[in-house]
Amino acid sequence: MNIDSIKNGVVIDHITAGRGMRLYELLGLDALDCPIALIKNVGSKKMGKKDIIKIDAAITLNFDVIGFVDPGVTVNIISDSVITEKRSIDIPETLTNVIYCKNPRCITSVEQELDHIFRLTNRDENVYRCIYCEAKNSQIF
């Protein structure tokens, strides 16, 4: 399989195998009008298998979404066919409008314009709690 190199864009690398599609959806990459490659189950010496997303456009990404879906992912920013920035993404302390409170009594279910804000409460288990009602939202993939 041949995937062309990127002149200007972003490569999201070292995604845990199987999480690439979830990341694609949450980042809203389907709405972009540029070439995007989602490569699943690529062989990796370090990880065994991994997913990779290549975006052939210089765009701004929500690093909180990336860290929420798969902490430890590497994001490479490419300019003129050269990696100009390499970031290792960690799990975010807060999430805004990435996940939504499922508690029907939460103020966010009544006040539609309120942001859904979650704070990380358990780093080991990736557990977030709504800042308004303390409802638990643990991400399970």
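User: How many disulfides does the structure hold?

Analyst: This is a predicted model, and the structure holds zero disulfides. The criterion to apply is a pair of cysteine sulfur atoms within 2.5 Å. In the case of C101, the closest cysteine sulfur belongs to C133 and lies 3.5 Å away, which is too far for a bond. C130 is likewise in no disulfide, as the nearest cysteine sulfur, that of C106, is 3.7 Å away.

User: Is C101 to be read as buried or exposed?

Analyst: The cut-off for buried is under 20% relative accessible area. C101 has 14% relative accessibility and therefore counts as buried. C130, at 1%, also counts as buried. Across the protein chain, buried residues make up 38% of the 141 residues.

User: How should a pair of aromatic rings be described?

Analyst: One states the distance of the centres and the angle of the planes. In this structure the count comes to one aromatic pair. The ring centres of F68 and Y128 are 5.5 Å apart and their planes stand at 70°, so the pair is edge-to-face; the angle required for that class is over 60 degrees.

User: Which elements hold F68 and Y128?

Analyst: F68 belongs to helix α2 (residues 63-69) and Y128 to strand β8 (residues 127-130), so the pair ties together parts that are 60 residues apart in sequence. Both residues of the pair, F68 and Y128, are buried.

User: Which residues make the nonpolar surface patch?

Analyst: The patch is made by I107, V110, I131 and Y132, and its area is about 320 Å². One of these residues, I107, is found in helix α3, which spans residues 107-110. With 38% relative accessibility, I107 counts as partly exposed.

User: What pattern does the protein chain follow along the sequence?

Analyst: The secondary structure comes to three helices and nine strands. Read along the sequence, their pattern is β-α-β-β-α-β-β-β-α-β-β-β. The C-alpha trace of the protein chain spans about 50 × 30 × 25 Å along its principal axes.

User: Which element of the protein chain has the lowest mean pLDDT?

Analyst: The general idea is that predicted coordinates should not be read in detail where pLDDT is low. Here the protein chain averages a pLDDT of 90, and 94% of the residues score at least 70. Among its elements, strand β9 (residues 136-138) has the lowest mean pLDDT, 77, whereas strand β7 (residues 117-122) has the highest, 95.

Technical notes
Residues are numbered from 1 along each chain as its sequence is written. This is a predicted model: local features need pLDDT of at least 70, side-chain atom pairs count only at pLDDT 80 or more; totals for chains, interfaces and linings use all residues. Side-chain values use heavy atoms; hydrogens and water are left out. Patches are made of residues with over 30% relative accessible area and no salt bridge: like charges are joined within 9 Å, nonpolar side chains (Val, Leu, Ile, Met, Phe, Trp, Tyr) within 5 Å. Accessible areas come from the Shrake-Rupley method with a 1.4 Å probe; for residues, only the protein chains shown count as cover. A salt bridge is a side-chain nitrogen of Lys or Arg within 4 Å of a carboxyl oxygen of Asp or Glu. Helices (H or I, at least four residues) and strands (E, at least two) are DSSP runs, numbered from the N terminus. Buried means under 20% relative accessible area, exposed over 50%, partly exposed in between (1.4 Å probe, protein chains only). pLDDT is the predictor's confidence in each residue, from 0 to 100. Rings of Phe, Tyr and Trp (its six-membered ring) pair if their centres lie within 6.5 Å; planes under 30 degrees apart count as stacked, over 60 as edge-to-face and the rest as tilted.
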